[in-house]
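Please open the structure in your viewer and keep the sequence panel beside it, so that you can select residues by number as the tour moves along.

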Amino acid sequence: FSEQMLEKVLKELQPLCTAEQEFIEKFFLLNQGAAELEELEVSMRTVSFPPTTRLLSEIFSSLEPEMKSFLAVCNKVHPFSCLQVLVTLNDSVFEMWDSSSSLPSSFLNTVLGNMLLLAKNSFNKCIGTLCKEIKEVKVSSKVRGGILPFVIRFEEFVNFSEEVFRSAQRQGELDKALVRLAGSVFSSINSLSSAKLKANTDMIMMENFHHIHCFLCQKKIGCLEGKKKEAKQRYSQHLEKYVIKYLGQPLEKLNHFFEGVKARVAQGVKEEEVSFHLAYSKQELRKVIEKYPGKEVKRALETLYRKIHKDLSPEENLLPVVWHAMEQLFIQQYQEFEDLIQRCYAGSGITMDFTVEDLLSYFNSITLSN
């Protein structure tokens with residue numbers, strides 16, 4: 001509604017001011033000598049504009065204050081109305097400057113130029129306020145996951161601005177605003193790493209960066225290509241962190257044992273001498289391995305699956321992705337354990353109760369049953 005009203009006002013103003021300017025120039029003979037300056041039409045107009053502009057300023061003395069009041073009303077219609085006001089004024093001013101059919105009023109150019117500056121200030125103030133709200137948002141410690149409100153707010157702005165600027169002649173202001181807003185959103189998500197949340201922080205960051213990446217892939221906004229790549233990178237980083245956090249749980253004691261083995265080797269103990277350390281002897285290794293028969297490992301994986309399912313929000317549907325990443329890293333971990341047994345316990349005949357094929361079967365069974 002505000003867009004239509006503003007366009008109507010601007011369309012009615014131009015012929016009114018142009019007609020009044022032509023009358024003043026004709027009545028007061030301000031165009032005398034125009035024939036002699038036919039080839040320097042622009043210079044002639046420059047000469048005639050100052051007195052014309054002064055007279056028009058007297059006649060339309062209330063125009064600029066009324067326009068300011070009208071724009072203020074337009075900006076109150078919707079939280080992002082300043083975008084529509086900016087686009088409408090921008091297009092109107094450039095159409096007037098590009099028009100060669102008639103002489104645009106110098107006075108009207110000045111008034112609309114002032115209004116355009118006012119609209120840009122309102123737009124920048126709106127973006128600044130939105131950035132501040134995003135950066136200062138306090139995420140509740142009780143948050144369980146899902147897409148954060150300020151991410152949704154960012155998407156609402158992008159969708160609205162996309163519609164408003166669809167046919168705009170210039171988009172420079174919008175591009176700068178989008179980059180600035182995206183930076184605020186990324187900064188707020190990153191700040192969660194130091195927040196004390198009950199939910200897993202990496203999970204929340206993973207889901208939100210994934211959501212932003214998918215959104216930007218869909219929108220294909222040139223100025224946000226860098227942010228799209230960054231979102232994908234951040235999503236991948238937090239996916240890995242989240243998976244690693246829970247990786248050791250199904251084989252916790254076995255994982256702890258081999259972490260100790262790796263630590264001894266890193267300290268300079270020869271691989272073939274690790275088993276002579278009482279805490280990492282062959283007998284201790286057998287005791288730990290006995291705690292993890294195949295059935296127990298599968299049960300532990302099922303418990304882990306339920307934990308991940310509970311953590312993740314259904315709207316992002318990342319459970320298959322996370323579970324597949326867990327499977328890959330879990331198998332890598334198993335192969336690392338096997339390698340350590342062969343290197344540090346060579347000839348002992350010690351093996352784990354399950355194989356890679358068993359693990360693949362466990363993961364596949366859990367996936368199909370859920």
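## A guided tour

Begin by selecting C344, which counts as buried because its relative accessibility is 3%, under the 20% cut-off that the word requires. Keep in mind throughout that you are looking at a predicted model.

Now zoom out and colour the protein chain by secondary structure: you should find 14 helices and zero strands, so defined by their DSSP runs. Of the 370 residues in the protein chain, 45% are buried. If you display contacts between residues with a separation of 6 or more, 78% of them join residues that stand 24 or more positions apart. Switch on the surface as well, and you will be viewing an accessible area of about 20,500 Å², with 52% of it belonging to carbon and sulfur atoms.

Next, select C82, a buried residue with a relative accessible area of 6%. Why is C82 in no disulfide? The nearest cysteine sulfur, that of C126, is 3.7 Å away, and because a disulfide needs two cysteine sulfur atoms within 2.5 Å, this pair does not count as one. The structure as a whole holds zero disulfides.

From there, move to A119, which you will find in helix α5. Is A119 buried or exposed? With a relative accessible area of 4%, A119 is buried. Show the residues around A119, leaving aside its neighbours within four places in sequence, and you will see that A119 is in contact with V85, L86 and L89. Then select V87 too and draw a line between the two C-alpha atoms: A119 and V87 are 32 residues apart in sequence, while their C-alpha atoms are 9.0 Å apart in space.

The last stop is an open space in the model. Rolling a probe the size of a water molecule over the atoms shows where empty space is left. Turn to the second largest pocket, which has a volume of about 180 Å³. To find this pocket, select L71, A72, N75, K76 and S122, which are the closest to its centre among the 14 residues that line it. Which helices each supply at least two residues of this lining? They are α3 (63–77), α4 (81–98) and α5 (106–136), and the largest share, five residues, comes from α3. Finally, colour the lining by residue type, and the residues will divide into eight nonpolar, four polar and two charged.

Methods
Residues are numbered from 1 along each chain as its sequence is written. This is a predicted model: local features need pLDDT of at least 70, side-chain atom pairs count only at pLDDT 80 or more; totals for chains, interfaces and linings use all residues. Side-chain values use heavy atoms; hydrogens and water are left out. On a 1 Å grid over the protein atoms alone, a cavity is a set of points where a 1.4 Å probe fits but cannot get out, and a pocket is an open set with protein on both sides within 12 Å along at least five of seven lines; lining residues have an atom within 4 Å of a point. Grid points are joined across faces, edges and corners, and a volume is the space filled by probe spheres set on the points. Helices (H or I, at least four residues) and strands (E, at least two) are DSSP runs, numbered from the N terminus. Ala, Val, Leu, Ile, Met, Phe, Trp, Tyr, Cys and Pro count as nonpolar, Asp, Glu, Lys and Arg as charged, and the others, Gly among them, as polar. Buried means under 20% relative accessible area, exposed over 50%, partly exposed in between (1.4 Å probe, protein chains only). Contact means heavy atoms within 4.5 Å. Accessible areas come from the Shrake-Rupley method with a 1.4 Å probe; for residues, only the protein chains shown count as cover.
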